[in-house]
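Hi,

Here is the structure I promised to pass on. Have a look at it first, and my notes follow below.

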Amino acid sequence: MRMTTVWGAALLVLGLAAGPAAADATPSASPSGDASAPTSAGTSFRTATEIDQGRTATASASTGDYLYWSFAADALERPTVRATVKLPASHAAQTWQVDVYDGLRRRQACQYGAQTRTAAQGAAEVEVECVLRTVRAWSEPWADDPLPGTYYVRLTTVRLQTADLGQPVDASVRVESKDIGGSAAVDGWLAEPLVPGVAVASQHDGKDDDSRRTAVLSSIEPDGGWSSGWWSDRWVWTGVGAVLAALAGIGGYVLTRGTGRPSRVPPGA
């Protein structure tokens, strides 16, 4: 009876802990409507159009243009960038490519996905995709790991016939992330996300007339704010392991302590 109680408690703890852990493995929630999604794209890093994850941004451009968007990605997320280009009715074969850069403008390698694709002559559209590595909460200064902050998407042609240069095209970009959970957690976090400053504000010191000029960070950020990876389901499973270890110790004691002094043996014998 005692062992049944012990293992019943262990199963209850596992059931309670499995809930948050399972939630971390599902794709992050995102708005379903695209009514407020941007309908234009920037032409450089500085003019990149900010987009929210889960919304489809569109833009009309000319073949040969460089199109830029930016989005926010937090720790433990694995962003996926998908872009679709609707081509003109008549065109030669042309190759399109999507590149992703982090807040330091370092080009990030795609873990998988067709980053570059060639549209055959007369094709109606072409789709490209880039699945980034999981964003880490902290990394060594010399490493090229994805870190929390702003990410830039650049869409353009890399091989194009001169006759097709300047033809109108319509592009759409959508970014979605999967929450990887504690399996990608690290022991550390950034003091600030890698978000570029977009303006400079003056802060007056109350003691004198001097003012300090400080950078104002971009307004783009995840829906829940920047977590910097301080919490993950790794904490849950660490607690579960500690509880199970304690229950195993109690169970072992119950099994090995015996039934005590037999009734036929007098005290003090």
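**Gln53 and the strand beside it**

The side chain of Gln53 comes within 2.7 Å of the backbone oxygen of Ala72, a polar contact (a pair of N or O atoms within 3.5 Å; within protein, one must be able to donate a hydrogen and the other to accept it, and residues adjacent in sequence count only if both atoms are side-chain atoms). That side chain of Gln53 also has a polar contact with the side chain of Ser177, at 2.6 Å.

Before I go on, the small print: this is a predicted model, where local features need pLDDT of at least 70 and side-chain atom pairs count only at pLDDT 80 or more, while totals for chains, interfaces and linings use all residues. Residues are numbered from 1 along each chain as its sequence is written, and side-chain values use heavy atoms, with hydrogens and water left out.

Where does Gln53 sit? It lies in the loop between β1 (49–50) and β2; strands (E, at least two residues) and helices (H or I, at least four) are DSSP runs, numbered from the N terminus. Gln53 counts as buried because its relative accessibility is 16%; buried means under 20% relative accessible area, exposed over 50%, and partly exposed in between (1.4 Å probe, protein chains only).

Now follow the chain into β2, residues 56–62. Ala57, Ala59 and Ala61 make up its covered face, whereas Thr56, Thr58, Ser60 and Ser62 are on the uncovered one. β2 pairs with β11 (168–179) in the antiparallel sense, over seven bridges; two strands pair if DSSP finds at least two bridges between them. Within that pairing, Ala57 has Val173 as its bridge partner, and Ala59 stands opposite Ala171.

Which strands make up the open sheet? There are five, in the order β2-β11-β4-β9-β7, with antiparallel pairing. β2 and β7 (110–112) are the edge strands, each pairing on one side only.

As for the whole protein, it has two helices and 13 strands. Buried residues account for 40% of its 269 residues. Among contacts (heavy atoms within 4.5 Å) between residues at least 6 apart in sequence, 71% join residues at least 24 apart.

If you open the model, start at Gln53 and its contact with Ser177, then trace β2 along β11.

Cheers
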